[in-house]
Amino acid sequence: YGGYVVHLGLVLLAIGVIGSQFFQQQKDVTLNAGQETEIAGTRLVYFGNIDEQLSDREVITAQLQLWRNGQLQQYIYPSRTLYKSFENQPASQISITPLYGVTDFYVFLENPGGPGQATIHIFINPLTPLVWWGGMMMLLGGVLCWWPEQRKRVVTQRAVPKETPKEVMA
């Protein structure tokens with residue numbers, strides 16, 4: 001059964017890769033504090049940036065609300081870190097939010113424009129979790145294939161000496 005599980009995992013992985021690339025939606029937008037944008041029925045409201053100065057780096061975090069079907073889903077905080085010892089080369093912390101169990105919602109802060117402005121990239125990747133589930137199924141199938149099967153023990157019968165008639169013994 002391990003081979004079947006591995007192949008089913010491979011099918012899930014392929015569907016996830018194809019679906020996440022073929023049906024991906026993306027949007028680039030520059031927002032000022034209080035503005036909002038919408039993509040695929042999901043609304044993002046931008047509140048501004050938090051600029052945190054540390055001894056070795058500067059961390060700029062955008063504050064956003066994620067709304068779906070008129071209800072607040074959660075706050076998300078994509079950020080950008082500038083390391084002073086590496087000539088202010090940025091490192092991004094992307095906000096990844098799962099939607100409906102089979103869609104990933106990525107928000108990437110590209111350019112913070114001061115405390116009240118940000119340029120963000122939004123990606124909606126449907127079926128991305130199928131890539132992870134498929135990989136896990138392939139791993140499980142591999143373990144099932146490698147698991148040692150329980151061997152049946154062959155029982156041999158010993159020859160039982162026949163009783164000899166009493167008259168032969170006399």
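## Close-up views of the predicted chain

**View A. Leu127 sits in a loop between strand S10 (117–126) and helix H2 (128–146).** Helices here are DSSP runs of H or I with at least four residues and strands are runs of E with at least two, both numbered from the N terminus. Leu127 is not a glycine, yet its phi is positive, at about 70°. Its relative accessibility is 23%, so Leu127 counts as partly exposed; the scale calls a residue buried under 20% relative accessible area, exposed over 50% and partly exposed in between, with a 1.4 Å probe and protein chains only. A note on the model you are looking at: it is predicted, local features need pLDDT of at least 70, side-chain atom pairs count only at pLDDT 80 or more, and totals for chains, interfaces and linings use all residues. Residues are numbered from 1 along each chain as its sequence is written, and side-chain values use heavy atoms, leaving out hydrogens and water.

**View B. Ala40 is another non-glycine residue with a positive phi, here about 50°.** You will find Ala40 in the loop between S2 and strand S3 (42–53). With a relative accessibility of 37%, Ala40 is partly exposed. Ala40 is also one of the residues that Gln25 touches, which leads to the next view.

**View C. Gln25 belongs to strand S1 (residues 25–32).** Setting aside residues up to four places away in sequence, Gln25 touches Ile39, Ala40, Ile122, Phe123 and Ile124, where a contact means heavy atoms within 4.5 Å. The relative accessible area of Gln25 is 37%, so this residue is partly exposed. For a sense of scale, Gln25 and Glu110 are 85 residues apart along the chain, and 17 Å separates their C-alpha atoms.

**View D. Gln35 occupies the loop between S1 and strand S2 (36–39).** Beyond its neighbours within four places in sequence, Gln35 is in contact with Thr30, Leu44, Val45 and Tyr46. Its relative accessibility is 36%, which makes Gln35 partly exposed. From C-alpha to C-alpha, Gln35 and Asp56 are 32 Å apart in space, with their positions 21 residues apart in sequence.

**View E. Ser95 and Thr97 show two buried positions of one strand, S8.** Strand S8 covers residues 95–99, and Ser95 lies in it. Ser95 is buried at 10% relative accessibility, and Thr97 is buried at 2%. Not counting neighbours within four places in sequence, Ser95 contacts Ile76, Tyr77, Pro78, Phe105, Tyr106 and Val107. By the same count, the contacts of Thr97 are Leu66, Gln74, Ile76, Thr103, Asp104 and Phe105. Thr97 and Ile76 are 21 residues apart along the chain, and their C-alpha atoms are separated by 8.2 Å.

**View F. Two aromatic pairs are present in the structure.** In one of them, Tyr1 and Tyr4 have ring centres 6.5 Å apart and planes at 50°, so the pair is tilted. Both partners are exposed: Tyr1 has a relative accessibility of 81% and Tyr4 has a relative accessible area of 66%. Phe22 and Phe23 make an edge-to-face pair, with 4.9 Å from centre to centre and 80° between the planes. Phe22 is exposed as well, with a relative accessible area of 64%. Rings of Phe, Tyr and Trp (its six-membered ring) pair if their centres lie within 6.5 Å; planes under 30 degrees apart are stacked, over 60 edge-to-face and the rest tilted.

**View G. Stepping back, the chain has three helices and ten strands.** Their order along the sequence is α-β-β-β-β-β-β-β-β-β-β-α-α. The radius of gyration is 31 Å, well over the 15 Å that the globule rule gives for 170 residues, so the chain is more spread out than a compact globule; this radius is taken over C-alpha atoms, and the rule is 2.2 Å times the number of residues to the power 0.38. The C-alpha trace spans about 115 × 40 × 25 Å along its principal axes. Of the 170 residues, 33% count as buried. Among contacts with a separation of 6 or more, 49% join residues 24 or more positions apart.
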